Amino acid sequence: MKLKGMKTNDKHILNLAKIVGNAQSILYKKEDLIAYDCDGFTIHKHLPYAVVFPKDTSEVAEIVKYCSNNSLPFLARGAGTGLSGGAIPINGEVIISLVRMKRLLSVDLENRRAVVEPGFVNLKLTNSISDKGYYYAPDPSSQYCCTIGGNVAENAGGAHCLKYGVTTNHILGLEVVLPNGEIIEISPNGIPDAPGYDLLGLLTGSEGTLGIVTKITVRILKNPEAKQTVLAYFDKVEDGSKAVSDIISAGIVPAALEMMDKTAIEGVEAAAYPVGHPKDIEAVLLIEVDGISAGIDEQINQILEVCKNRNVREVRAAKDEAERARWWANRKTGFGAMGAISPDYLVQDGVIPRSRLPEVLERINQISKDSGLRIANIFHAGDGNLHPLVLFDARVPGETEKALEAGSACLQVCADVGGTITGEHGVGIEKKEEMRYVFKDEEIIAQTNIREVFNPRNLLNAGKLFPTPGRCVEIKKELKEKATS
């Protein structure tokens, strides 16, 4: 097959182009590849070997087979909104971009499920079924552009995961291309709790290291009968933090319970959707409850009372849907808004027990003072998922390294209090060394053993998720020697 417009003698590029059928479905020139040298984690950048755009599962499988047969490293990529470097081609990979696979394949309202391709944008699913009274619950801040395939890879969360859970709680079935090109279906009929090993749970959150998801069956939910949102301002971060625990202790499980500190508020007020937060306020809580109409007012009154008992300066419920939407737009643009007050920022993603929130925020404040870098805190306070944003200027020599050290220190604090290093953004390359904060070498080995079953040649997204080989390799060798002696 001759392909018009191809100006290369590279046999791999030509053969990959033949698989996707035309020169427009592959990028291989440096000026085109630059756009794919990183994802949302921009501190590290590496050019891919090529970017290929398959249109369906069969083309994905053929690309994977070709890469496997020719020992070409490869990885899958969605919208590139990931924040931990999971889609960065650190080994000069062939990137298999899934953005052309963006169809909503079916909707089954009776059984409350839908089937989508991996390139289907998260928010488009809710928009496609909202007129029928349904929605898709996982709502990461990037939901207007992130893809559901990427959400599966990272096990993405969102503001409403406190009550409704993260992506894994809404996945009913997957079609997956394995690293050898074989296509498998896991729970293809979307029946929950199938017997056997929980392969859905294993694949969801595996960060593209075990296979490439090409079709997803998701759970959809009926719109709640009523919802109401409360905004609360606190003069002390500690009071706002304690109010979070008090709300949960009162037996209320909000749909969302978000918090921003003073630096974060400065950013969101300087960006696209300001709502008029007081400039001198130290913390703001955004609390949403939903459910049966008859119980909403009582829950709101309880929340108002809890906040008043924690020295709230002002607390009020949204007067209408328009005000509620403004409040959420302000919060959801939180990460990007930091660009209004800092040239660069590094987003972290630790998780802690709610009860340790005041202590952890104080320790993060000390890290900020020690590093000389401002740290804004935006987080899903209800489930203890923190997002310290380390603000820095990459143009200043040494500040990038300081930011990375400060971010790692924040994760160490989370691990110290019984938490972990990521709640929804994934490990990627950003946090792989920090995996040692929460796992022993033997535990890391157990996980890499699973990877080797699926991905024995480690051609698929190598160098992600787990620490650089060191003592783990020695222990693995010792265990093998014991097993054979």
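This report covers two sheets, two helix pairs and two single residues of a predicted model.

The model is predicted: local features need pLDDT of at least 70, side-chain atom pairs count only at pLDDT 80 or more, and totals for chains, interfaces and linings use all residues. Residues are numbered from 1 along each chain as its sequence is written, and side-chain values use heavy atoms, with hydrogens and water left out.

**The four-stranded sheet**

Helices (H or I, at least four residues) and strands (E, at least two) are DSSP runs, numbered from the N terminus. Strands of a sheet pair through backbone hydrogen bonds, either parallel or antiparallel. Here, two strands pair if DSSP finds at least two bridges between them.

One open sheet has 4 strands in the order S1-S2-S4-S3. Its pairing is mixed. Strand S1 (26–27) and strand S3 (74–77) stand at the edges with a single partner strand each, so one side of each has no neighbour in the sheet. Helix H3 (residues 57–69) packs on this sheet. H3 touches S2, S3 and strand S4 (94–97), and its direction makes about 170 degrees with that of S4. Such angles run from 0 to 180 degrees between N-to-C directions, and axes are lines fitted to C-alpha atoms, for helices over the stretch in contact. Contact means heavy atoms within 4.5 Å.

S1 pairs with strand S2 (residues 50–52) in the antiparallel sense. Within this pair, Ile26 stands opposite Val52 in S2.

**The five-stranded sheet**

A second open sheet has 5 strands in the order S5-S6-S10-S8-S9, with antiparallel pairing. S5 and strand S9 (183–186) are the edge strands, and each pairs on one side only. Neighbouring strands of this sheet are turned by 10 degrees against each other on average, direction ignored. H3 lies across strand S8 (171–177), S9 and S10, running at about 45 degrees to S8. Helix H4 (residues 122–129) packs on the sheet as well. H4 touches S5, S6 and S10, and its direction makes about 45 degrees with that of S5.

S5 and S6 form a hairpin with 4 residues between them. Arg112 in the turn has a positive phi of about 55 degrees. Val115 of S6 appears in two register pairs: Ser106 stands opposite Val115, and Val115 stands opposite Thr217 in S10.

The table lists antiparallel strand pairs.

| First strand | Second strand | Bridges |
|---|---|---|
| S1 | S2 (residues 50–52) | 2 bridges |
| S5 (residues 104–108) | S6 (residues 113–116) | 4 bridges |
| S6 | S10 (residues 212–219) | 4 bridges |

**Val176 in S8**

Val176 lies in strand S8. Is Val176 buried or exposed? Val176 is buried, with a relative accessible area of 0%. Buried means under 20% relative accessible area, exposed over 50%, and partly exposed in between (1.4 Å probe, protein chains only). Leaving aside neighbours within four places in sequence, Val176 is in contact with Glu182, Ile183, Ile184, Ile186, Leu203, Gly211, Ile212, Val213 and Thr214. The C-alpha atoms of Val176 and Ser241 are separated by 42 Å, at 65 residues apart along the chain.

**Helix pairs around H13**

Two packed helices are described by the angle between their axes and the distance between the axes.

Ser241 belongs to the contact of H8 with H13. Helix H8 (residues 237–249) and H13 pack at an angle of about 145 degrees, with their axes 9 Å apart. Their crossing is right-handed; that is, the near helix is turned clockwise from the far one by less than a right angle, whereas anticlockwise counts as left-handed. H8 contributes Val237, Glu238, Ser241, Lys242 and Val244, and H13 contributes Leu357, Pro358 and Leu361.

Helix H13 (residues 357–371) also packs with helix H14 (residues 399–416), at about 160 degrees and with axes 10 Å apart. H13 and H14 are therefore roughly antiparallel to each other. Angles under 35 degrees count as roughly parallel, over 145 as roughly antiparallel, 65 to 115 as roughly perpendicular and the rest as oblique. H13 passes H14 in a right-handed crossing. The H13 side holds Val360, Arg363, Ile364, Ile367 and Ser371. The H14 side holds Lys402, Ala406, Ala409, Cys410, Val413 and Asp416.

**Ala317 in S15**

Ala317 sits in strand S15 (residues 312–317). Ala317 is partly exposed, with a relative accessible area of 31%. Not counting residues up to four places away in sequence, Ala317 touches Gln228, Thr229, Val230, Glu323 and Trp327. Ala317 and Glu288 are 29 residues apart in sequence and 9.4 Å apart in space, C-alpha to C-alpha.
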